[in-house]
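User: I have a new structure to look at. Can you walk me through it, short answers please?

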Amino acid sequence: MWPVLKAKLTGHYQYYGISGNMRSLSRFYRLTVRLAMKWLNRRSQKRSFSWEGFGAYLKHYPLPTPRIVHDLYTLSPVR
């Protein structure tokens, strides 16, 4: 599940990562992290993660963070 989620986030950032869209990208990232926590907690009958434990999990297996890929003001890719 994690490699697929990473690939989908990377594709989303590459498509929507234009200048002036950072607020929407950050909101999408927060929603994705919240949903990933929800689905990882559904693996058993009890809650397997707290937010602290999930934060440690994210430090060990990080998700791509939102970034601007295309600068529309200069019409060049951001490096």
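User: Is Gln14 buried or exposed, or what does it count as?
Analyst: Gln14 counts as partly exposed, because its relative accessibility is 45%. Buried means under 20% relative accessible area, exposed means over 50%, and partly exposed is in between, with a 1.4 Å probe and protein chains only. This is a predicted model: local features need pLDDT of at least 70, side-chain atom pairs count only at pLDDT 80 or more, and totals for chains, interfaces and linings use all residues. Residues are numbered from 1 along each chain as its sequence is written, and side-chain values use heavy atoms, with hydrogens and water left out.

User: Where does Gln14 sit?
Analyst: In helix α1. Helices (H or I, at least four residues) and strands (E, at least two) are DSSP runs, numbered from the N terminus.

User: And what does Gln14 touch, not counting residues up to four places away in sequence?
Analyst: Val69 and His70. Contact here means heavy atoms within 4.5 Å. Gln14 and His70 are 56 residues apart along the chain, yet their C-alpha atoms are separated by 8.0 Å.

User: What about His12, buried or exposed?
Analyst: His12 counts as buried, because its relative accessibility is 19%. His12 also lies in helix α1. Leaving aside neighbours within four places in sequence, His12 is in contact with Gly17, Leu25 and Phe28.

User: Which residues in α1 are buried?
Analyst: Trp2, Leu5, Leu9, His12 and Tyr13. They cover an arc of only 95° around the axis, so they are on the same side of α1. That arc is taken from the directions from the helix axis to the C-beta atoms. On the other side of α1, Pro3, Lys8 and Tyr15 are exposed.

User: What covers the buried ones in α1?
Analyst: The cover includes α2 and α3.

User: Switching to α2. Which residues are buried there?
Analyst: Leu25, Tyr29, Thr32, Val33, Ala36, Met37, Leu40 and Asn41. Their arc around the axis is only 165°, which puts them on the same side of α2. Among what covers the buried residues of α2 are α1 and α3.

User: How far apart are the end C-alpha atoms of α2?
Analyst: They are 29 Å apart. At 1.5 Å a residue, the 20 residues of α2 should span 28 Å, which agrees. The expected span is 1.5 Å times one less than the number of residues in the helix.

User: Now the core. How many residues are in the largest nonpolar one?
Analyst: It has 14 residues. Those with the most contacts inside it are Trp2, Val33, Phe54, Leu58 and Leu63. The elements giving two or more residues to this core are α1 (2-16), α2 (22-41) and α3 (51-60). The most comes from α2, with six residues. A nonpolar core is a set of buried Ala, Val, Leu, Ile, Met, Phe, Trp, Tyr and Cys residues joined through side-chain atoms within 4.5 Å.

User: What does Leu63 touch?
Analyst: Not counting residues up to four places away in sequence, Leu63 touches Trp2, Leu5, Lys6, Leu9, Tyr29, Val33 and Leu58.

User: Zoom out. How many helices and strands are there?
Analyst: The chain has three helices and two strands. From the N terminus on, they run α-α-α-β-β.

User: What does the C-alpha trace span?
Analyst: About 50 × 20 × 15 Å along its principal axes.

User: How much of the chain is buried?
Analyst: Of its 79 residues, 28% count as buried.
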